[in-house]
Amino acid sequence: MSEEKKDFGDQAEDAFDKAKETASDLGEKASETFEDAKEATKEFAEEAKEKASDFADEAKKTANEFTESAKEAFSGGEGENKKLLAGLLAIFLGSFGVHKFILGYQKEGFMLLGATIVGYITLCFVIGGFILTATAVVGFIEGIIYLTKSDEEFYNTYQVGNKSWF
């Protein structure tokens, strides 16, 4: 029986050695796979950074273009541009005083905006409806007046003459 035990022991030792070799091979393969994954992750991260940088540059460029076009539209070197813009804003958003801000009348713009906010707050009471109607009518009338004046008359009256109401 000792011979059988010895053969059995040798077989167990051989199996253990094979398992050790297989585990070592698997460890090396896992290490290689891990290194490959690590390298692929680095490449992906670099590519993502590059794409994000490109996107940020494009976004800045677009924002700058938008800012420049908005400055041109709202600062308006031309009386016609301000006239048309102020007139249309007065008709559609007149109760908020947007047209006053466009023409440079901040105090009057805040007065209309404040009155509109008070109107919305007091809307549950009947008085709020009257306030909102009044601010909308003021904006609408001013819009019509702005659009019916000639360019020169509008420029002299509202941009040079600083006439803030009607």
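**A buried lysine and the helices around it**

At a relative accessibility of 9%, Lys83 counts as buried, because a residue is classed in this way when its relative accessible area is under 20%. The model in which this lysine is found is a predicted one, and Lys83 lies there in helix α2, which comprises residues 79–93. When the neighbours within four places in sequence are left aside, the residues in contact with Lys83 are Tyr146, Leu147, Lys149, Ser150, Asp151 and Phe154. With one of these, Asp151, the lysine shares a polar contact between side chains, at 3.2 Å.

The surroundings of Lys83 may be placed within the protein chain as a whole, which contains six helices and zero strands, so that from the N terminus on the order of its elements reads α-α-α-α-α-α. The protein chain has 166 residues, of which 22% count as buried. It exposes about 12100 Å², and carbon and sulfur atoms supply 62% of this area. Among the contacts in the protein chain with a separation of 6 or more, 54% are accounted for by residues 24 or more positions apart.

Side chains of opposite charge can pair when their charged atoms come close. A search of the whole structure for salt bridges finds three. In one of them, Lys83 is paired with Asp151, and the closest N and O atoms are 3.2 Å apart. This pair links distant parts of the chain, since Lys83 belongs to helix α2 and Asp151 to helix α6 (residues 151–160), with their positions 68 residues apart in the count. The two partners can also be described by their accessibility: Lys83 is buried, with a relative accessible area of 9%, whereas Asp151 is partly exposed, with a relative accessible area of 36%.

A salt bridge is also formed by Lys100 and Glu142, whose closest N and O atoms are 2.9 Å apart. Here too distant parts of the chain are linked, as Lys100 is in helix α3 and Glu142 is in helix α5, 42 residues apart. Both Lys100 and Glu142 are buried. A further salt bridge joins Glu153 to Lys149, with 3.8 Å between the closest N and O atoms. In that pair Glu153 is partly exposed, at a relative accessible area of 40%, while Lys149, at 18% relative accessibility, counts as buried, because its value falls under the 20% cut-off.

Helix α4, which covers residues 106–121, has 16 residues and reaches 22 Å from its first C-alpha to its last, a span close to the 22 Å expected at 1.5 Å a residue. The buried residues in α4 are Glu108, Gly109, Leu112, Thr116 and Gly119. These residues lie on the same side of α4, because they cover an arc of only 110 degrees around the axis. An α-helix has 3.6 residues a turn, so residues three or four places apart point the same way. The buried residues of α4 pack against two other helices, α3 (98–103) and α5 (127–148). On the face turned away from this buried side, α4 carries the exposed residues Lys107, Phe110 and Ile121. Helices α3 and α5, against which the buried residues of α4 pack, are also the helices that hold Lys100 and Glu142, respectively.

How values were computed. Residues numbered from 1 in each chain as written. Predicted model: local features only at pLDDT ≥ 70, side-chain atom pairs only at ≥ 80, totals over all residues. Heavy atoms only, no water. Helix = DSSP H or I, 4+ residues; strand = E, 2+ residues; numbered from the N terminus. Buried < 20%, exposed > 50% of the residue type's maximum accessible area, 1.4 Å probe, protein only. Contact = heavy atoms within 4.5 Å. Areas by Shrake-Rupley, 256 points an atom, 1.4 Å probe, with all protein chains shown as cover. Expected span 1.5 Å × (residues − 1). Arc of directions from axis to C-beta. Polar contact = N/O pair within 3.5 Å; in protein donor to acceptor, adjacent residues only side chain to side chain. Salt bridge = Lys/Arg side-chain N within 4 Å of Asp/Glu carboxyl O.
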